[in-house]
Amino acid sequence: MITVALDKNPEDARPWIEAAAPAHPSLIDTKHLVADLYNMVNVPTILWIDEMGKIVRPNDVAYGNNQWQEIHGFDADVHKAALRAWVRDGVTPFQPDRARVLQNLPTAERQEARAEFALGQWLWEQGRNEAAECHFVRAGELAPEDFTIRRGSMPMRGIDPMGPEFFKMAQEWAEAGNAYYHPLPES
């Protein structure tokens with residue numbers, strides 16, 4: 001198991017990692033490479049990959065505990081039981097063909113959005129914040145469902161990713177009839 005944090009600065013993730021005191025490695029992905037490679041559009045996202053590099057369980061929503069279950073509605077114990085069954089007994093949640101069908105592949109718009117986000121991030125790193133802003137905005141327009149992009153650009157734009165602007169954005173998204181999370185249709 002490995003935990004991946006999508007943060008611009010490793011120090012932003014450090015307090016959370018230290019508080020959890022995991023027995024497994026934690027990666028701070030400052031470039032969103034893991035999100036890009038596996039088409040992750042929100043956090044938390046889980047992905048099971050076996051020792052042969054095959055996806056056993058495609059992107060799904062899961063939490064480590066039930067602290068916020070009342071808000072998000074996901075029971076962490078269900079996921080943990082399935083994970084234990086896989087690790088201990090080799091019980092996979094899906095047959096390989098079904099896992100392949102359930103994979104969420106990126107659309108052309110989402111790939112363009114990722115490119116816009118990456119360009120915005122590069123411009124921001126060069127100190128060209130004004131130029132970066134239009135690319136961050138365009139990325140959000142192209143893939144409004146991709147909260148790793150929309151929320152991921154916030155710290156670089158001087159916006160608190162857990163502040164009022166984020167919650168307003170999420171509320172507007174939900175009020176327009178959109179789901180914030182996209183769990184797998186079955187487990």
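This section describes a helix pair and three individual residues in a predicted model.

The helix pair consists of H6, spanning residues 108–125, and H7, spanning residues 129–142. The axes of these two helices come within 8 Å and cross at roughly 165 degrees. Because angles over 145 degrees count as roughly antiparallel, H6 and H7 are roughly antiparallel to each other. The crossing in which H6 passes H7 is left-handed. On the side of H6, the contact is made by Glu109, Glu112, Ala113, Glu116, Phe117, Leu119, Gly120, Gln121, Leu123 and Trp124. Helix H7 contributes Asn129, Ala131, Ala132, His135, Phe136, Arg138, Ala139 and Leu142. By residue class, the contact of H6 with H7 comprises 10 nonpolar, four polar and four charged residues.

One of the H7 residues in this contact, histidine 135, was examined individually. Histidine 135 has a relative accessible area of 17% and is therefore buried, the cut-off for this class being under 20%. When neighbours within four places in sequence are left aside, histidine 135 is in contact with Glu116, Phe117, Leu119, Gly120 and Leu123. These five names also appear in the list of H6 residues that make the contact with H7.

A second residue, asparagine 59, is located in strand E4, which covers residues 55–60. Asparagine 59 counts as buried because its relative accessibility is 17%. The side chain of asparagine 59 reaches two backbone oxygens: that of tyrosine 38 at 2.7 Å and that of asparagine 39 at 3.1 Å. Both tyrosine 38 and asparagine 39 also appear among the residues that asparagine 59 touches, once residues up to four places away in sequence are excluded. The others in that set are Met40, Thr45, Ile46, Leu47 and Leu184.

The third residue, arginine 98, belongs to helix H5, formed by residues 96–102. With a relative accessibility of 30%, arginine 98 counts as partly exposed, since this class lies between the limits of 20% for buried and 50% for exposed. Apart from neighbours within four places in sequence, arginine 98 is in contact with Pro185 and Glu186. Arginine 98 and alanine 5 are 93 residues apart along the chain, and their C-alpha atoms are separated by 28 Å.

Definitions and conventions: Residues are numbered from 1 along each chain as its sequence is written. This is a predicted model: local features need pLDDT of at least 70, side-chain atom pairs count only at pLDDT 80 or more; totals for chains, interfaces and linings use all residues. Side-chain values use heavy atoms; hydrogens and water are left out. Axes are lines fitted to C-alpha atoms, for helices over the stretch in contact, and angles run from 0 to 180 degrees between N-to-C directions. Helices (H or I, at least four residues) and strands (E, at least two) are DSSP runs, numbered from the N terminus. Angles under 35 degrees count as roughly parallel, over 145 as roughly antiparallel, 65 to 115 as roughly perpendicular and the rest as oblique. A crossing is left-handed if the near helix is turned anticlockwise from the far one by less than a right angle, and right-handed if clockwise. Contact means heavy atoms within 4.5 Å. Ala, Val, Leu, Ile, Met, Phe, Trp, Tyr, Cys and Pro count as nonpolar, Asp, Glu, Lys and Arg as charged, and the others, Gly among them, as polar. Buried means under 20% relative accessible area, exposed over 50%, partly exposed in between (1.4 Å probe, protein chains only). A polar contact is a pair of N or O atoms within 3.5 Å; within protein, one must be able to donate a hydrogen and the other to accept it, and residues adjacent in sequence count only if both atoms are side-chain atoms.
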